[in-house]
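Biologist: I have a model open and want to learn how to read it. Where do we begin?

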Amino acid sequence: MTDRLHLKPRHRHLLEDILRAHLPDVEVWAYGSRVSGHSHGGSDLDLVLRGPELEQIPISKLVDLEEALRESTIPFIVEARDWARLPETFHREIMHDYIVLVAEQ
């Protein structure tokens, strides 16, 4: 149910393009206020990156993605975290309310 994501279509398309270009084999989930309905125009977007077999994503790829997001025209902060580097307690919190932004290919 991706229509729950509070994001303008042009920003979503740009974000998806950046994610696919930098992490083509990674599933991306959105969570937090832009999914729960508690966001405002300046809210950040929280993403969790789920690498193949849930293995850690190389730091160099994460840095490249962060730079691409920062240099993009997306007018809010995008916080992208690697699932494999998060504690299990955070996994459970995310799993309560998320949407798949970019599915595994």
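Modeller: With one residue and its accessibility. Keep in mind that this is a predicted model. Lysine 8 has a relative accessible area of 47%, so it counts as partly exposed. The segment before α1 holds lysine 8.

Biologist: How far is lysine 8 from glycine 41 in space?

Modeller: Compare sequence separation with C-alpha distance. Lysine 8 and glycine 41 are 33 residues apart along the chain, and their C-alpha atoms are separated by 9.9 Å.

Biologist: Is glycine 42 buried or exposed?

Modeller: The cut-off for exposed is over 50%. Glycine 42 has a relative accessible area of 55%, so it is exposed. Its place is the loop between α2 (33-36) and β2. Glycine 42 also has a partner far along the chain to check: phenylalanine 76 is 34 residues apart from it in sequence, with 6.0 Å from C-alpha to C-alpha.

Biologist: Now the helices. What span should α1 have?

Modeller: Work from the rise per residue. At 1.5 Å a residue, the 14 residues of α1 should span 20 Å. The end C-alpha atoms of α1 are 20 Å apart, so expectation and model agree.

Biologist: Which residues of α1 are buried?

Modeller: Start with the general idea. An α-helix has 3.6 residues a turn, so residues three or four places apart point the same way. In α1, the buried residues are His11, Arg12, Leu15, Glu16, Ile18 and Leu19. They cover an arc of only 165° around the axis, so they sit on the same side of α1. The other side of α1 carries Pro9, Arg10, Asp17 and Ala21, which are exposed.

Biologist: What covers the buried residues of α1?

Modeller: The cover includes β1 (27-31), β2, α3, β3 and β4 (98-102).

Biologist: A glutamate is in that buried set. What is glutamate 16 in contact with?

Modeller: Check burial, then contacts. Buried means under 20% relative accessible area. Glutamate 16, in helix α1, has 11%, so it is buried. Setting aside neighbours within four places in sequence, glutamate 16 is in contact with Leu101 and Val102.

Biologist: Let me try α3. How far apart are its end C-alpha atoms?

Modeller: They are 18 Å apart. The 13 residues of α3 should span 18 Å at 1.5 Å a residue, so the two figures agree. Next, look at burial. Leu62, Leu65, Ala68 and Leu69 are buried in α3. Seen down the axis, they fall within an arc of 125°, so they line one face of the helix. Arg70 and Glu71 are exposed, on the face of α3 turned away from its buried side.

Biologist: Which elements do the buried residues of α3 pack against?

Modeller: They pack against α1 (9-22), β2 (45-50) and β3.

Biologist: Last feature: the largest pocket. How much space lies in it?

Modeller: About 300 Å³. After volume, read the lining. The largest pocket is lined by 16 residues, and Glu66, Leu69, Val78, Glu79 and Ala80 lie nearest its centre. Two elements, α3 (59-71) and β3 (78-82), give two or more residues to that lining.

Biologist: Which element gives the most?

Modeller: α3 does, with 6 residues.

Biologist: And how do the lining residues divide by type?

Modeller: Into 10 nonpolar, no polar and 6 charged. Leu69 links two of our readings: it is buried in α3, and it is among the residues nearest the centre of the largest pocket.

Note on methods
Residues numbered from 1 in each chain as written. Predicted model: local features only at pLDDT ≥ 70, side-chain atom pairs only at ≥ 80, totals over all residues. Heavy atoms only, no water. 1 Å grid on protein atoms, 1.4 Å probe; cavity = no way out; pocket = protein on both sides within 12 Å on 5 of 7 lines; lining within 4 Å. Points joined across faces, edges and corners; volume = space filled by probe spheres on them. Helix = DSSP H or I, 4+ residues; strand = E, 2+ residues; numbered from the N terminus. Nonpolar A, V, L, I, M, F, W, Y, C, P; charged D, E, K, R; others polar. Expected span 1.5 Å × (residues − 1). Buried < 20%, exposed > 50% of the residue type's maximum accessible area, 1.4 Å probe, protein only. Arc of directions from axis to C-beta. Contact = heavy atoms within 4.5 Å.
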